Amino acid sequence: MSRALRIAGAGAIALLAACNSTDATGNGGPVSPCPGGASPQEVSLAVGHVRVLGDAASLSCVSLSAPDGGAATYVVVAANADPTPDDTGRFVMADSAASLSAAVHASRLTGAGARPVGALGAAAALAALAVRDDPEGRIRAMERRVLPLGRPAGARIEASVRAATSAATLPALGDTLSFKVPDPNADNACTTFSTVKSVVKAIGRHGIIVQDTAAPSGGFTSSDFSAIVQEFDDAIYPADTVHFGSPSDIDGNDHVYLLFTPKVNAATTRGANGVLQGFFFGGDLFPPSQCAESNQGELFYLLVPDPQGKFSDARSASSVRQDTRGTIAHEFQHMINEGTRIAENVPGESVWLNEALSHFAEELVGRDEHGFGDTRELGIADVADAQNNFADFNAFFGNNIVRLRDFLADTGTIGATSVHADSSLRVRGAAWSLLRWSADHFSGGNVAAFTRALVAGPDTSVDNLLARTGAPFDTLMAGWLVANYADDGGISGLASLDTYSSWKLREVEAAVNNGVFPLQPIALGSAAPTTRIVASAAAVYFEVGVDAGGARVIGELAPDGGAVTFPGARMYVLRVR
């Protein structure tokens, strides 16, 4: 799970944010809707209904009114539905009204989740700390660069590894084994690695726990190792295999190694804003002829407790145990995904969708541990109750909710399908929520079959999601982007696609944001429009009030006052009051 913004990714995002604040003027004055005297596109909706506008002429001149004689409040979602990741468009939202009336200001949507959540603030604080940064995403990007996935025949890869592997007998407790540990910070971990000795600490039905002999004293006890392998056997393994498929077994032992090594601790700089808690490296599933580091078997690399801070910052046994629970669930999906695509000889999954699936794995394991089921609608009290002291919340649920919070607080400049998923937590939150929303509406109630199909491919990235949902990207964007504002907001008349069925979105997001829902639309006023950037699979949200008996004309325009020119330009108009 990734915890640090790489300089390149952060710089790109900062540049977008800077562009987002540029004032736009047309020929020296404010940009006005309906350029060239265009005729307005009349939009008059009942509460909860949505109108989708996509052609440049309609976007430039929209007349909003209230059909029932009272004041109305609309949320206008200025979206980019271009399926190409990271394509961006520039626009201004022009407005004919002088100001919003007091009645319209008073009608802002709050929803059940916008109330303070009292004691659950503790969960919010824990979750906020837990996801500050996470460098694992760059490992997925590095894998795509250096591993020959989808080029040689997958069957030959697996056969060659099996031929090079010794007898598939299980080790015994106390045995000493050697493993190669890839450098997660290297440009090519197939060529940059070290060899460590480790001792077998626990053996389960599916997992084998081994610990580096260099691990500091004061770490895990035998009961800790037993608890780790039991959770892997009883919760993580069954949940991940049901939802993503069976892992490869190229070493023929029908087990997965979990190696706790201080090499992982040392990969995090002292005082860093985040921690590499653990990772899977796909090179372990290739023969040494194609990746010299390969251990020729299924293996995770995880932090060790380091109470005195010998290898990096000090980490207690209890904190490492807690922090690696979700990591194991997350990394196991990556292992299954890589092994499946090697066996099928298809290209590796894009980083954004691979990460979305692994973040979904965290949630699905948490749901299974609590018996919630894949589609049950959950509120904050379901996942952050006093009985579990927020431990399961922070292990399996909180990270996704907080990452999505960060996206909802700044929805326009980077989207769910961005290549910056290796460096941006906002992308991770958006990607998880897009996948979660898609499963709600396009899995036919069988989430496991839906996610297994995504892992199997053979498509990747947006094409994979479209193939598994059977829906065009326009449909996915219209539903998901509206649902990100409308769900759990007390809006009557909403279509199912404009909601999440699995989460009370406003409630859980407000709970990790000091009781305030993070997506706050821009109140459209009379000031000169501002040029805004909207990335593909993202949107900028505006609140537009219409006084009783009146109408209000707005327009989404190019910065020079003409028609918008980027191909993904869409406007989803939702009446909320």
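**A buried glutamate, two nonpolar cores and the salt bridges of the chain**

In this predicted model, residue E509 has its place in helix α17, which covers residues 505-511. E509 is buried and yet has no salt bridge, since the nearest side chain of opposite charge, that of R405, is 6.0 Å away, whereas a salt bridge requires a side-chain nitrogen of Lys or Arg within 4 Å of a carboxyl oxygen. The side chain of E509 nevertheless reaches R405 in another way, with the backbone nitrogen of that residue at 3.2 Å. When residues up to four places away in sequence are not counted, E509 touches I401, L404, R405 and L408, together with V516, F517 and P518.

The chain as a whole has 577 residues, of which 60% count as buried, and its secondary structure comes to 17 helices and 16 strands. Among the contacts in the chain with a separation of 6 or more, 78% are accounted for by residues 24 or more positions apart. One such separation along the chain is that of R426 and V402, which are 24 residues apart and whose C-alpha atoms are separated by 9.1 Å.

Helix α10, residues 351-370, provides a case in which length and environment can both be examined. With 20 residues at 1.5 Å a residue, α10 should span 28 Å, and the 29 Å between its end C-alpha atoms agrees with this expectation. Of the 20 residues of α10, 17 are buried, so the helix is largely enclosed by the rest of the structure. The helix is followed by G371, for which phi is positive, near 70 degrees.

The nonpolar interior was considered next. The largest nonpolar core has 126 residues, and those with the most contacts inside it are L258, F300, M477 and W480. Helix α16, residues 473-486, supplies the largest share of this core, with ten residues. The surroundings of F300 can be listed in detail: leaving aside neighbours within four places in sequence, F300 is in contact with F232, with V256, Y257, L258 and L259, with F279 and F280, and with I328, E331, F332 and M335. A second core, separate from the one that holds F300, has 25 residues and includes V76, F91, V534 and F566.

The structure holds 17 salt bridges, and three of the pairs are described here. In one of them, the side chains of R575 and D68 meet with an N to O distance of 3.1 Å. This pair links distant parts of the chain, 507 residues apart, with R575 in strand β16 (residues 569-575) and D68 in the loop between β3 (62-65) and β4 (72-80). The two partners differ in their exposure, because R575 has a relative accessible area of 2% and is buried, while D68, at 52% relative accessibility, counts as exposed. The side chains of R575 and D68 also make a polar contact, at 3.1 Å.

In another pair, the side chains of R325 and E231 form a salt bridge at 2.8 Å, N to O. Because R325 lies in helix α9 (residues 317-344) and E231 in helix α7 (residues 222-244), the pair ties together parts that are 94 residues apart in sequence. Both R325 and E231 are buried. These two residues also belong to a network of salt bridges in which E231, R321, R325, E369 and D392 are linked.

A further salt bridge is that between the side chains of R426 and D410, at 3.4 Å, N to O. R426 lies in helix α13 (residues 425-442) and D410 in the loop between α12 (391-408) and α13, so this pair ties together parts that are 16 residues apart in sequence. R426 has a relative accessible area of 12% and is therefore buried, the cut-off for that class being under 20%. D410, with a relative accessible area of 29%, is partly exposed.

Definitions and conventions:
Residues numbered from 1 in each chain as written. Predicted model: local features only at pLDDT ≥ 70, side-chain atom pairs only at ≥ 80, totals over all residues. Heavy atoms only, no water. Helix = DSSP H or I, 4+ residues; strand = E, 2+ residues; numbered from the N terminus. Buried < 20%, exposed > 50% of the residue type's maximum accessible area, 1.4 Å probe, protein only. Lys, Arg positive; Asp, Glu negative; His and termini not counted. Polar contact = N/O pair within 3.5 Å; in protein donor to acceptor, adjacent residues only side chain to side chain. Contact = heavy atoms within 4.5 Å. Expected span 1.5 Å × (residues − 1). Core = buried A, V, L, I, M, F, W, Y, C linked by side-chain atoms within 4.5 Å.
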